[in-house]
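I have my notebook open and a new model to look through. Come along, and keep the viewer at hand.

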Amino acid sequence: MDHKKRLITILFLLGLLATSWALLAADPSGANTGGIANVPSKVAGKPTLEEIGAAVGQTRVSLNFVWTLSAAFLIWFMQAGFALAETGFTRAKNAAHTMMLNMMAFGLGVIAFWACGFAFQMGGSGSAMGSAVSAPEGMSKLLGPTIGGNVWGLVGGTGFFLSGVSYDVAAFAIFLFQMVFMDTALTIPTGALSERWKLSAFTVYTLVGGAVIYPIFANWAWGGGWLSTLGKYAHLGHGYVDFAGSGVIHLTGGVMSVTGLIVLGPRIGKYAKGVAQAIPGHNLPMAFLGCFILAFGWFGFNAGSTLAGTDLRISVVAVNTMLASGAGACLSYFVTWWKFKRPDPSMSINGLLAGLVAITAPCAFVTAPAAVLIGSIAGVLVVWAALFVENKLKLDDPVGAVAVHGFNGVWGVIALGLFADGTYGGGFNGGPEAGVTGLFYGDAGQLAAQLIGLGSNLVWVGATSFALFKVIDLAIGMRVTAEQELQGLDYSEVSAPAYSGDRPSISTPVFVTRPPAPAPAPAAATLKPAPAGGK
Amino acid sequence: MKLITAIIRPEKLEDVKVALFAAEVEGLTIQQVSGHGGEKAVVESYRGHPLLYEFHDKVRLDIAVSEPFVQVTVKAIADAARTGQVGDGKIFVQQLDHVVRIRTGESDVEALTPVTVAGKT
């Protein structure tokens with residue numbers, strides 16, 4: 001009886017609470033939240049036309065800021081994807097080292113980019129705030145030769161240390177967005193060169209790559225440099241167009257991977273009498289997770305590259321991105337199934353990523369069927385390229401970075417020059433009012449600009465990165481010793497292994513310096529620190 | 001006294017354990033091991049390169065028994081572990097010179113006689 005009464009009372013009270021919530025609710029549907037009262041005005045609720053205009057303008061810019069920054073946060077999360085994919089594809093004894101490479105590509109890279117990389121890249125791109133987020137007007141010092149009355153920009157010259165004219169909200173937003181792109185490019189070689197790369201050599205590479213090599217090419221394509229003005233000044237389509245960086249980021253990373261691999265050489269045991277051997281990665285589920293995280297972050301990479309949430313083309317960009325990645329995964333899945341009798345998990349991961357890399361440049365300019373076709377070709381190309389790199393070029397790339405980012409970066413840049421359908425991008429790079437149009441839709445000039453962009457990337461990034469790696473090799477050495485490599489870089493390059501429990505229990509860590517004895521104090525004072533064991 | 005060492009398929013461990021316990025042989029040590037016998041190597045492929053698994057996962061049992069239990073134990077293992085396919089494993093029987101139970105210091109057959117723990121259900 002008592003129980004029943006109590007239950008009824010509780011139910012009654014709960015019912016009362018629920019009805020009172022509904023009765024007292026302010027605006028549960030949201031229909032009445034936000035209105036003319038929220039427009040800042042001198043007379044509340046009665047803004048003038050100027051006041052409405054100001055509010056609309058600021059709202060558009062705010063939306064674009066939020067979009068650009070949110071996209072940048074997504075792209076930053078891609079570093080987790082790279083770290084997991086690369087570490088999963090490599091061996092357990094190098095796991096902490098490979099993770100360390102990925103994390104410090106960010107840590108070192110952001111400092112280098114802040115110091116001067118950002119200034120070199122975007123220091124000449126300042127303009128009045130338009131529909132998209134852009135560097136402020138003050139950041140417009142573009143250095144380069146003047147030919148035919150036009151400045152052909154090679155490098156920017158303002159915005160060092162984000163101070164002076166670049167202490168500005170728009171500059172900071174652009175910095176964050178461009179920084180995470182730069183970080184993506186820098187972290188690509190960490191996979192290709194993993195399992196034998198010295199941390200000291202990597203440190204120098206990251207600082208120079210983030211300060212000079214990447215920013216200079218990015219200036220040419222995105223910072224108002226000479227490639228972007230090929231359309232305006234030389235009438236080649238809209239100049240070199242690379243919406244989110246198949247070339248600027250992925251090809252750059254792929255080319256640096258190739259030059260690094262040439263200097264570094266293959267891992268011990270990769271080639272037996274010249275024949276490539278399998279060296280399985282230690283954790284495929286980790287690599288799969290990395291792949292999913294990369295694909296998730298890629299929505300920020302591509303759709304975020306409008307730099308404007310008010311540009312509704314973002315839906316086309318996002319869907320094209322998704323379609324191409326799915327097509328890439330399908331084709332590599334089926335191609336390896338046919339070629340090796342069963343589908344290859346790591347190649348399928350590469351295929352999904354290859355589709356993403358290939359659609360990165362053309363994502364805003366092509367139709368959905370074209371996106372599927374571009375992704376499909378990428379899925380086949382990546383399998384062929386991975387085998388070509390290993391078997392013919394004899395470059396030992398544990399994660400397939402050259403095939404995914406290098407070969408498909410090239411394909412993405414060309415694909416834009418072929419498939420851009422002319423419905424979007426009018427006035428892009430200061431080019432013609434018509435949309436960006438590829439060869440198949442009648443503009444051979446656009447393809448020419450794309451090929452010039454490709455060539456200049458190969459020459460600039462190839463030459464500077466090869467020189468950098470050579471100098472590092474001669475000065476401090478690129479590679480760990482054979483003993484360190486065989487033992488695992490976790491046991492020499494970083495101070496602790498990734499998996500301390502994976503050795504037999506007889507070699508679990510022991511105290512080298514003994515913990516203080518529980519005995520009376522005088523006894524503890526006589527304890528001498530034990531000599532450091534091992535080496 | 002004999003030391004019986006058996007190499008069996010991992011998936012047969014449960015059956016062998018049940019058969020041994022039914023035969024009242026309850027003292028055994030097991031290990032995960034890899035071995036090569038008459039089986040074919042397993043061929044996998046990683047990024048287009050063949051990957052050969054020449055050694056197969058096996059379980060190794062070590063059982064020390066007194067003379068009356070030797071044939072019982074061998075039969076229990078052989079019957080329970082057999083599938084009839086190549087790779088069922090082997091049983092090795094060796095002479096055992098001396099056994100000591102560490103807890104009590106008992107030796108030989110006394111040390112091999114199982115002790116029922118008080119209160120064991």
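**Entry 1: a lysine in chain A.** In which loop of chain A is the place of A:Lys341? I looked it up: A:Lys341 sits in the loop between α9 (314-340) and α10 (345-360) of chain A. I noted its backbone too, since A:Lys341 has a positive phi of about 75° although it is not a glycine. Buried or exposed, I wondered about A:Lys341? A:Lys341 counts as exposed, because it has 10 C-beta neighbours inside 10 Å, and the cut-off for exposed is 12 or fewer.

**Entry 2: how far to trust it.** I should write this down early: the model is predicted. Chain A averages a pLDDT of 92, and 93% of its residues score at least 70. I then looked for the weak stretches. Over residues 504-509 of chain A the pLDDT stays under 50, and the model gives this stretch one contact beyond four places in sequence. Residues 521-535 of chain A are also below 50, with twelve contacts beyond near neighbours in sequence. A reminder to myself: where pLDDT is low, the predicted coordinates should not be read in detail.

**Entry 3: the cores.** Next I checked the nonpolar cores. The largest has 141 residues, and A:Ile374 and A:Val382 have the most contacts inside it. I followed A:Val382 outwards: leaving aside neighbours within four places in sequence, its contacts include A:Ser332, A:Asn350, A:Ala354, A:Val404 and A:Phe407. Apart from the largest core lies another, of twelve residues, among them B:Ile8, B:Val16, B:Val65 and B:Ala81. I remember the general rule here: in soluble globular proteins, nonpolar side chains tend to be buried together.

**Entry 4: chain B as a whole.** I counted three helices and six strands in chain B. From the N terminus on, I read them as β-α-β-β-β-β-α-β-α. Chain B has a radius of gyration of 18 Å, whereas a compact globule of 121 residues would have one near 14 Å. Its C-alpha atoms fill a box of roughly 60 × 30 × 25 Å along the principal axes. I also noted that 13% of the 121 residues of chain B count as buried.

**Entry 5: where the chains touch.** How many residues of chain B are in contact with chain A? I found seven, and they are in contact with ten residues of chain A. On the chain B side, β3 (42-46) and β4 (49-53) each supply at least two residues. The largest share, three residues, comes from β4(B). By class, I sorted this side of chain B into three nonpolar, three polar and one charged residues.

**Entry 6: the hairpin.** I stayed with those two strands. β3(B) and β4(B) pair in the antiparallel sense over five bridges, and B:Tyr46 has B:His49 in β4(B) as its bridge partner. The two strands form a hairpin with two residues between them. In the turn, B:Arg47 has a positive phi of about 50°, although it is not a glycine. B:Arg47 counts as buried because it has 27 C-beta neighbours inside 10 Å, and the cut-off for buried is 20 or more. In β4(B), zero of the five residues are buried, so the strand lies largely in the open.

**Entry 7: the far end.** Last, I looked at B:Val115, in the segment after α3 (108-112) of chain B. B:Val115 is exposed, with 11 other C-beta atoms within 10 Å. B:Val115 and B:Val33 are 82 residues apart in sequence and 29 Å apart in space, C-alpha to C-alpha.

How values were computed: Residues numbered from 1 in each chain as written. Chains lettered and ligands numbered in written order. Predicted model: local features only at pLDDT ≥ 70, side-chain atom pairs only at ≥ 80, totals over all residues. pLDDT = per-residue confidence, 0-100. Contact = placed C-beta atoms within 7 Å. Core = buried A, V, L, I, M, F, W, Y, C linked by C-beta atoms within 7 Å. Helix = DSSP H or I, 4+ residues; strand = E, 2+ residues; numbered from the N terminus. Nonpolar A, V, L, I, M, F, W, Y, C, P; charged D, E, K, R; others polar. Pairing = 2+ DSSP bridges. Rg over C-alpha atoms; globule rule 2.2 N^0.38 Å.
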